[in-house]
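Please look through the sequence and the structure shown below before reading further. The paragraphs that follow lead from one part of the chain to the next.

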Amino acid sequence: MNQLYYKSDKTAQRIKALAKSKGILIKEMLEKCSLNKNLLSTMQSRKSWPQTDNIARIADYLQVSVDYLLGRTDNPEINR
């Protein structure tokens with residue numbers, strides 16, 4: 001199995017947990033980011049990986065770094 005798809009479930013879990021901790025509804029977030037409402041469920045089932053710009057939109061909406069969403073760091077702060 002492609003390692004990228006393998007990690008997609010972990011990224012989806014991180015996005016859901018972060019949205020929940022911020023009181024953000026997943027459906028609302030995906031609509032505001034102009035993304036498919038099934039995006040996270042397909043990521044969790046390891047059937048797809050979103051385009052990079054879509055991950056960036058979610059990161060911007062949640063005000064965290066892309067690296068945090070991808071699990072490359074446990075620091076959610078954006079380094080500019």
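Is Ser34 buried or exposed? Ser34 has a relative accessibility of 59%, so it counts as exposed. This serine lies in the loop between H2 and H3. Its backbone also deserves attention: although Ser34 is not a glycine, its phi is positive, about 55 degrees. Most residues other than glycine have a negative phi.

Before going further, the reader should know that this is a predicted model. The mean pLDDT of the protein chain is 86, and 90% of its residues reach 70 or more. Confidence is highest in H2, with a mean of 95, and lowest in H1, with a mean of 82.

The interior is a suitable place to continue. In soluble globular proteins, nonpolar side chains tend to be buried together. Here the largest nonpolar core has 19 residues, and those with the most contacts inside it are Ile15, Met29, Ile58, Leu62, Val64 and Leu69. H1, H2, helix H3 (39-44), H4 and H5 each supply at least two residues of this core. Met29 illustrates how distant parts of the sequence come together: leaving aside neighbours within four places in sequence, Met29 is in contact with Ile15, Ile24, Leu40, Ile58, Tyr61 and Leu62.

Helix H2 (residues 26-32) also contains Lys27. Lys27 counts as exposed because its relative accessibility is 59%. Glu28 is found in helix H2 as well, but Glu28 counts as partly exposed, at 38% relative accessibility. Distances give a sense of where these residues stand in space. From Lys27 to Ala12, 15 residues away in sequence, the C-alpha atoms are 13 Å apart. Between Glu28 and Tyr68, 40 residues apart along the chain, the C-alpha separation is 21 Å.

Which residues of H4 are buried? They are Asn54, Ile55, Ile58, Ala59 and Leu62. These residues cover an arc of only 140 degrees around the axis, and therefore they sit on the same side of H4. Thr52 and Asp60, on the other side of H4, are exposed. The helix thus shows a buried side and, opposite, exposed residues.

H4 also holds a salt bridge. Arg57 forms a salt bridge with Asp53, and the closest N and O atoms are 3.6 Å apart. Both residues lie in helix H4 (residues 52-62), four residues apart, which is about one turn of the helix. Each partner is partly exposed: Arg57 has a relative accessible area of 32%, and Asp53 has one of 38%.

How many salt bridges does the count come to? The count comes to three. Another of them joins the side chains of Asp74 and Arg14, at 3.0 Å from N to O. Asp74 lies in the segment after helix H5 (66-70) and Arg14 in helix H1 (residues 3-21), so this pair ties together parts that are 60 residues apart in sequence. Asp74 is exposed, with a relative accessible area of 64%, whereas Arg14 counts as partly exposed, at 22% relative accessibility. The side chains of Arg72 and Asp67 likewise meet in a salt bridge, at 3.6 Å from N to O. In this pair Arg72 is exposed, with a relative accessible area of 66%, and Asp67 is partly exposed, at 33%.

The path ends in the loop between H4 and H5. Gln63, which follows H4, has a positive phi near 60 degrees, and Gln63 is a residue other than glycine. Gln63 is found in this loop and is exposed, because its relative accessible area is 61%. Ser65 belongs to the loop between H4 and H5 too, yet Ser65 is buried, with a relative accessible area of 13%. The assignment follows from the cut-off, since buried means under 20% relative accessible area. What does Ser65 touch, not counting residues up to four places away in sequence? Ser65 touches Ala59, Thr73, Asn75, Pro76, Glu77 and Ile78. In addition, a polar atom of the Ser65 side chain lies 3.0 Å from the backbone nitrogen of Tyr68. The two loop residues may thus be viewed side by side: Gln63 is exposed, and Ser65 is buried.

Terms used: Residues are numbered from 1 along each chain as its sequence is written. This is a predicted model: local features need pLDDT of at least 70, side-chain atom pairs count only at pLDDT 80 or more; totals for chains, interfaces and linings use all residues. Side-chain values use heavy atoms; hydrogens and water are left out. Buried means under 20% relative accessible area, exposed over 50%, partly exposed in between (1.4 Å probe, protein chains only). A salt bridge is a side-chain nitrogen of Lys or Arg within 4 Å of a carboxyl oxygen of Asp or Glu. The arc is that of the directions from the helix axis to the C-beta atoms. pLDDT is the predictor's confidence in each residue, from 0 to 100. A nonpolar core is a set of buried Ala, Val, Leu, Ile, Met, Phe, Trp, Tyr and Cys residues joined through side-chain atoms within 4.5 Å. Contact means heavy atoms within 4.5 Å. A polar contact is a pair of N or O atoms within 3.5 Å; within protein, one must be able to donate a hydrogen and the other to accept it, and residues adjacent in sequence count only if both atoms are side-chain atoms.
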